[in-house]
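The following dialogue shows how some features of a structural model may be read. Please keep the sequence and the structure in view.

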Protein chains: 2
Amino acid sequence: MAKILFKDLEKYFDQEIEIQGFVDKIRDLQYVQFVVLRDSSAKVQMTLEKNDENKELNDIISKLTKESTILTKGTVFKQEKVKLRGMEFIPTNIEVTSRSEEELPIDILDYNNKSKQDLRLDNRFLDLRLDKNYLIFKGQTLAENAMREYWINNDFIEIHSPKILGTASETGAEVFELDYFGKKVYLAQSPQFYKQMAMAAGFNNVFEIGPVFRAENSHTAYHATEFTSVDCEISWIKSHHEVMDLEEAKLVHVMKSLKEKLTVDFKEIFKKEIQIPSEKFPRIPFLEAKQIIQEKYKYFGEKPYDFDRKEEELICMYAKKNLNSDFVFIIDYPFQARPFYHMLDENTKLTKSFDLLYKGIEITTGAQREHRIDVLKAQALEKEMSLESLDFYLNFFRYGMPPHGGYGFGLTRFLMRLFEVDSIRDVTFLYRGPNRVMP
Amino acid sequence: MAKILFKDLEKYFDQEIEIQGFVDKIRDLQYVQFVVLRDSSAKVQMTLEKNDENKELNDIISKLTKESTILTKGTVFKQEKVKLRGMEFIPTNIEVTSRSEEELPIDILDYNNKSKQDLRLDNRFLDLRLDKNYLIFKGQTLAENAMREYWINNDFIEIHSPKILGTASETGAEVFELDYFGKKVYLAQSPQFYKQMAMAAGFNNVFEIGPVFRAENSHTAYHATEFTSVDCEISWIKSHHEVMDLEEAKLVHVMKSLKEKLTVDFKEIFKKEIQIPSEKFPRIPFLEAKQIIQEKYKYFGEKPYDFDRKEEELICMYAKKNLNSDFVFIIDYPFQARPFYHMLDENTKLTKSFDLLYKGIEITTGAQREHRIDVLKAQALEKEMSLESLDFYLNFFRYGMPPHGGYGFGLTRFLMRLFEVDSIRDVTFLYRGPNRVMP
């Protein structure tokens with residue numbers, strides 16, 4: 001018999017059933033005992049009169065601790081005077097399946113006590129019991145599912161690229177080293193080269209959702225040493241605009257799906273609505289965006305070829321106010337700010353690249369890739385990279401390589417802005433940072 | 001304009017269109033040139049007469065190399081005398097988007113030349129161009145999608161557990177060590193402890209599909225140092241049979257979905273049919289299975305508490321012949337063969353555990369987990385483990401832990417037997433073994 005979810009209890013009124021859950025609250029009064037039970041779907045009140053007949057059960061409840069788990073037999077009744085869902089469960093048997101210690105290390109309802117963030121992360125298994133946190137991971141699940149739905153419906157192949165690499169990916173900076181049977185190997189910083197290998201393999205369109213690793217000694221709210229990267233790559237394109245078309249269509253599908261499946265809880269718990277974006281996100285050339293920021297906001301970032309955090313926020317503010325969009329593509333970055341494999345536009349000499357910003361933060365980097373080996377080599381040399389260490393990668397381009405492009409999307413950054421929480425720690429199952437590898 | 005897939009060309013008869021693809025074959029005859037083009041969906045013949053008017057295009061084709069990619073404008077006509085799909089494409093413009101070197105390092109059609117396995121793996125991007133290989137990854141994509149469909153429809157939460165661990169998971173054997181800002185950390189061998197953490201967090205039902213890492217110096221056809229593990233864990237169960245119910249229902253859904261979506265290609269390329277299993281897989285107690293193997297096949301394995309490879313094959317042969325099932329659960333293993341966290345049956349003292357075997361090979365290990373901290377500690381001590389190193393894990397059990405169970409499923413082993421290929425190397429995008437971390 002599969003477990004009856006508490007949200008479905010209405011279907012079982014007046015029947016003897018067996019239910020299981022966490023002990024959410026206990027009120028042990030003079031003549032009656034109330035226990036609120038909780039599972040991931042809902043809560044329900046269990047009520048038991050104190051009398052001789054119930055003595056054994058009364059004793060069990062008296063000794064019960066909050067957050068213990070129980071299995072109980074009994075009957076669920078419609079009971080309008082009960083505030084909690086107008087029903088109550090009257091037990092005839094109770095088994096304590098696990099007993100919680102009296103004192104919890106954190107107050108699991110104390111979500112907003114940010115000063116205790118480390119304590120909350122130490123006890124993440126308790127922190128996650130908060131309904132707000134459960135909803136975040138339900139949202140994550142639905143968002144990923146909507147993305148995959150979109151890809152599968154468009155004939156994409158799912159790949160699982162290796163995370164153990166014989167040579168450091170891309171630049172070699174910020175990469176973790178690993179002892180591999182006495183040899184030195186590396187953890188993947190991104191699936192970039194392997195998504196491109198799939199293009200060389202003729203896979204047409206691919207996606208991957210998996211972990212990537214960055215040895216960055218960074219403690220900001222939007223960096224982690226390990227995070228989930230959402231990647232896709234498509235063949236036979238003519239410009240980066242086709243990649244952006246794909247990303248925006250996918251994100252509209254994701255937001256629609258979230259609105260449909262999450263909206264009641266979302267409103268109740270997060271006190272806001274999910275906004276479905278228009279089909280077309282604004283696309284602002286990088287140099288134009290710099291100008292807007294300087295002219296409208298009198299802010300002059302220090303990086304000539306890229307944005308700093310403040311500029312990301314300002315251009316998003318601009319897009320929201322003037323273009324009514326939470327999402328904005330910044331396109332055509334100078335080559336100085338981009339990796340060697342981004343394709344250059346023949347006329348402007350700018351890269352055929354883009355970032356996607358969402359509510360003040362970069363969530364995607366994408367581009368059309370350079371697929372012509374001679375140009376690719378020249379661009380690598382311009383970035384002072386060694387062609388020897390790139391040889392395995394350049395090999396992918398020697399025997400026919402479709403024109404292609406793609407993007408990487410930071411799942412936690414997206415969720416952080418969707419739920420408008422303060423840190424990716426809040427939307428990561430178990431955050432990993434320079435000082436945190438436990439639990 | 002999105003790329004026109006070759007499989008859809010029928011829709012464009014007599015229209016001027018633009019198509020892109022790999023050059024599959026070239027026949028440059030005296031009066032006419034034939035080029036077969038290929039994309040991941042199908043092939044099509046391009047035909048061009050040799051004459052003065054076509055001189056420029058004739059020259060391009062004369063210099064073309066196999067496996068190059070081209071972009072071509074022209075018209076596709078119904079042409080019954082053409083063997084390949086009864087159509088031909090007449091070009092008016094051809095652009096070579098990437099030129100393949102003349103000599104390929106492997107014959108990409110030479111799938112069965114097993115002696116060249118290392119060469120094939122070195123050039124996996126070419127090896128994967130074979131239609132058989134594309135179909136394998138299409139099958140993988142559809143199989144995973146069907147699993148997720150099943151879970152999402154049953155309200156599972158998707159988790160991404162960390163792969164970087166502060167302490168070695170489970171036994172500490174066969175684990176990769178990593179330098180982490182001067183500290184020693186480990187790569188996850190399985191998401192086991194973290195799936196259980198999700199149970200402590202009240203997540204009810206969870207799944208994860210992601211990489212795991214094993215520092216095993218093993219070179220067999222069914223081991224790798226990095227592979228994709230499919231994991232799920234469910235709360236509020238009473239026995240491991242509920243976990244098996246879940247796995248078999250999920251696999252029936254997967255096989256039905258594969259049969260529906262893959263069957264034409266599967267038959268054509270692999271010359272066999274996908275078999276949909278019955279709803280109930282046989283469940284044979286371990287000790288009974290040992291007896292069957294000894295009595296029926298006169299084979300006596302050396303391990304008293306587990307199976308060797310030969311025994312796995314024999315019991316599968318038995319299940320196929322006598323119970324008409326490709327899948328068979330072996331249940332109730334002795335504690336000696338199982339990890340400390342498997343729950344013991346109070347009466348038999350055997351573990352409430354199971355393996356799932358499929359066509360001769362183990363593809364799943366599962367169990368009801370011990371959720372009572374005192375019993376769990378005692379079992380860890382019996383296995384001579386240090387409670388200190390397990391402290392972060394035991395912590396999950398201190399404040400209420402639902403009775404729960406789950407399983408881990410080897411995706412590549414399943415695919416290897418589904419497609420009946422010889423090695424997991426054939427069903428892994430890029431195999432990783434003790435001697436192979438490239439490309």
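Q: Does Lys359(A) count as buried, partly exposed or exposed, and at what relative accessibility?

A: Buried means under 20% relative accessible area, exposed over 50%, and partly exposed in between, with a 1.4 Å probe and protein chains only. At 24% relative accessibility, Lys359(A) is partly exposed. Lys359(A) has a positive phi of about 45° although it is not a glycine, and it sits in the loop between β14 (353–358) and β15 (361–368) of chain A. Helices (H or I, at least four residues) and strands (E, at least two) are DSSP runs, numbered from the N terminus.

Q: What conventions apply to the model and its numbering?

A: This is a predicted model, in which local features need pLDDT of at least 70 and side-chain atom pairs count only at pLDDT 80 or more, while totals for chains, interfaces and linings use all residues. Residues are numbered from 1 along each chain as its sequence is written, chains are lettered from A and ligands numbered from 1 in the order in which they are written, and side-chain values use heavy atoms, with hydrogens and water left out.

Q: Which value does phi take in Glu384(B), and is the residue buried or exposed?

A: Phi of Glu384(B) is near 60°, a positive value in a residue other than glycine. Glu384(B) is exposed, at 75% relative accessibility, and belongs to the loop between α9 (373–382) and α10 (391–394) of chain B.

Q: How are chain B and chain A related?

A: Two copies of a chain are related by a rotation about an axis and a shift along it. Here, a turn of 180° and a shift of 0.0 Å along the axis lay chain B on chain A with an RMSD of 0.0 Å. The two copies are thus related as by a two-fold rotation axis. The superposition is by least squares on the C-alpha atoms of residues with pLDDT of at least 70 in both copies. Of the residues of chain B, Leu178(B) comes closest to the rotation axis, at 2.3 Å (C-alpha).

Q: How many residues are in contact between chain B and chain A, and what area is buried there?

A: Contact means heavy atoms within 4.5 Å. In these terms, 101 residues of chain B are in contact with 101 residues of chain A. The area buried between the chains is about 8500 Å², of which carbon and sulfur atoms give 64%; buried area is the accessible area (1.4 Å probe) that two parts lose on being put together, summed over both.

Q: How many salt bridges are counted between chain B and chain A?

A: A salt bridge is a side-chain nitrogen of Lys or Arg within 4 Å of a carboxyl oxygen of Asp or Glu. The count is 6 salt bridges between chain B and chain A. Lys238(B) forms a salt bridge with Glu18(A), the closest N and O atoms being 2.2 Å apart. Helix α4 (residues 131–153) of chain B gives the most to the side of chain B that touches chain A, with 9 residues.

Q: Where is Ala215(A) found, and which residues does it touch?

A: Ala215(A) is found in the loop between β10 (205–213) and β11 (226–235) of chain A and is buried, with a relative accessible area of 19%. Not counting residues up to four places away in sequence, Ala215(A) touches Glu174(A), Val175(A), Phe176(A) and Phe181(B).
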